[in-house]
Amino acid sequence: MTDTALGRPLTVEEYARLAQARLPGATWHYFDGGAGTESTVEGNLAAFRRVRIRPRVLNDVSRCDLSTTILGDPVGAPLGVAPMAYHELACEEGELATVEAAGELRVPTVVGIFASRTFEDIAAHATGPLWLQLYWLHRRDVLERVVRRAEDAGFRALVLTVDTPRLGRRLREARHGFHLPPHITAPNLDGEVTGFLHERKDGSSALSRHADAFIDPSLSWSDLDWLRSRTRLPLVLKGVLTAEDAARAAEQGIDGLVVSNHGGRQLDGAAATMDALPDVVRAVAGRCPVFLDGGVRSGTDVLKALALGAQAVFLGRPVLWGLAANGEAGARHVLTLLRDELEDAMALSGCPSLASLTPERLDCERAAAARNDAHDDPPEGRR
Ligand SMILES: Cc1cc2nc3c(=O)[nH]c(=O)nc-3n(C[C@H](O)[C@H](O)[C@H](O)COP(=O)(O)O)c2cc1C
Ligand SMILES: O=C(O)C(=O)c1ccccc1
């Protein structure tokens, strides 16, 4: 079913083309688009392309071990699924298909607070770790309730998105008057925080009006204590791009950071995630794991991010492309391609273990700076 004229897709990028051919135009543009001129969407990809690998030879790569732990849970590869709203836009089974696919590879899925399936149903289909992504809602009671439900359903961590006090100016969404079809909803919000989602208005995105109404832009550092006091789950911040914020988060005892610009969907002109990663890794200095998302499209991209200090990377759009092309099997194949390509890249660069992925493996200015930082001691908790 996923076969193209050329046969089964061989790359993640080929899944993009299949997804584009299958999805309604407005949905494709919602997935694919970014804020403003989309310079940050392109910047994420370009930053990966700029980094070259320095392969080492004669280093016995007969076995390459990709398994590791992420926030204490054993995983099959240093990969995960980034939080994305409404997977039912991509395929009928929605998040159920996603977590089944991720479970096959034993990698974590970050389930969005705007998931189109209930946390309980998603947990029933999951075999890999589940984390819950939160937006800071005005309705703190609703937030508290979803946290409790996720805890009860066995979720392993919370991911608070901090780059979205409002939605970025996404011109493609606005041009298509993007809104949800009537059968797709946010069932975890029990109809309480779901206004505007299905209303069409020319020249405006329903998601943007929804976010303006329900996301609380007053979120500040001091609010994190409230969230921490209401959960025993580890708390990860998603959307940090600077050393200053990374240091502050680490000082406050945050359990993990995701270097992310929301796939270029929020601030157009924000730094590419691969450019921001070394500063964040340096500022955190091993106090918590650092993850990255944005523009990861191949195993060599994954290798580059790990070599600059990310403990794992998360995939956004590629998972939706897999779901759109062929449901669970498509998402599973996308994740498998990335894992297999990472293994190839490790073997071909002389890296038999994740621990051997260090800045020395890369040829770029930032890797040189990271090398000079004397990572004499690889920071505690990195892998
Ligand atoms: C269609 C779509 C919906 C998204 N929804 C959310 C969301 O609800 N919450 C969130 O924190 N990030 C969301 N993101 C951002 C992703 O978590 C991630 O940061 C981004 O997609 C990574 O970049 P990539 O798509 O280039 O891999 C969304 C991204 C896409 C493409
Ligand atoms: O589309 C997104 O990127 C996103 O983060 C979002 C935000 C609010 C509602 C739905 C999706």
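Which residue of β9 is the bridge partner of lysine 238? I looked this up to start, keeping in mind that the model is predicted. The partner is valine 258.

**Entry 1: β8 to β9**

I followed that pair out to its strands. β8 covers residues 235–240 and runs parallel to β9, with four bridges joining the two. To get from β8 to β9 the chain passes through helix α10, residues 243–251, and the β-α-β crossover is right-handed.

Next I checked which way the side chains of β9 go. Gly256 and Val258 point to one side, Leu257 and Val259 to the other, and all of them are buried.

**Entry 2: β9 to β10**

I moved on to the next pairing. β9 (residues 256–259) and β10 are parallel and share three bridges. I noted two facing pairs here: leucine 257 sits opposite valine 290, and valine 258 sits opposite phenylalanine 291. So valine 258 turns up twice in my notes, because it is also the partner of lysine 238 in β8.

The link between these strands is helix α11, residues 273–284, and β9, α11 and β10 form a right-handed β-α-β unit.

**Entry 3: β10 to β11**

β10 takes in residues 290–293; Val290 and Leu292 point one way, Phe291 and Asp293 the other, and all are buried. I wrote down that Asp293 is among those buried residues.

On to β11, residues 312–315: β10 pairs with β11 in the parallel sense, over three bridges. Leucine 292 faces valine 313 of β11. The chain gets across through helix α12 (residues 299–307), and I logged this β-α-β crossover as right-handed too.

**Entry 4: a closer look at α11**

Is α11 mostly covered or mostly open? Mostly covered: eleven of its twelve residues are buried. Among the buried ones I listed Met274, Leu277, Val280, Val281 and Val284, and also Asp275 and Asp279.

I then checked the length of the helix. At 1.5 Å a residue, the twelve residues of α11 should span 16 Å, and the end C-alpha atoms are 16 Å apart, so the two agree.

I also looked for what comes close to valine 281 from elsewhere in the chain. Its C-alpha atom is separated by 9.0 Å from that of alanine 370, although the two residues are 89 apart along the chain. Alanine 370 belongs to helix α14, residues 365–372. I count alanine 370 as buried because 23 other C-beta atoms lie within 10 Å.

**Entry 5: positive phi**

Most residues other than glycine have a negative phi. I therefore noted the exceptions I came across.

Alanine 285 comes right after α11, and its phi is positive, near 50°. This alanine is in the loop between α11 and β10. With 13 other C-beta atoms within 10 Å, alanine 285 is partly exposed.

Glutamate 38 is another, with a positive phi near 65°. Its place is the loop between α2 (25–32) and α3 (39–50). Glutamate 38 has 17 other C-beta atoms within 10 Å, so I put it down as partly exposed.

**Entry 6: His262 and ligand 2**

Where does histidine 262 lie? I found it in the loop between β9 and α11. An unreviewed UniProt entry places the feature "active site" at His262. Histidine 262 is buried, because 26 other C-beta atoms lie within 10 Å.

His262 is also one of the residues around ligand 2. The others there are Ala85, Phe114, Thr164, Leu167, Leu207, His210, Ala211 and Arg265. I sorted that shell by type and got five nonpolar, three polar and one charged.

**Entry 7: ligand 1**

How many residues surround ligand 1? There are 23, and the closest are Ala82, Thr161, Gly263, Gly316 and Arg317. By type, the shell of ligand 1 splits into nine nonpolar, ten polar and four charged residues.

Note on methods:
Residues numbered from 1 in each chain as written. Chains lettered and ligands numbered in written order. Predicted model: local features only at pLDDT ≥ 70, side-chain atom pairs only at ≥ 80, totals over all residues. Buried ≥ 20, exposed ≤ 12 C-beta atoms within 10 Å, placed from the backbone. Pairing = 2+ DSSP bridges. Right-handed = clockwise from strand over helix to strand, strands pointing away. Near = placed C-beta within 6 Å. Nonpolar A, V, L, I, M, F, W, Y, C, P; charged D, E, K, R; others polar. Expected span 1.5 Å × (residues − 1). UniProt positions renumbered as here; feature names shortened; annotations may be inferred.
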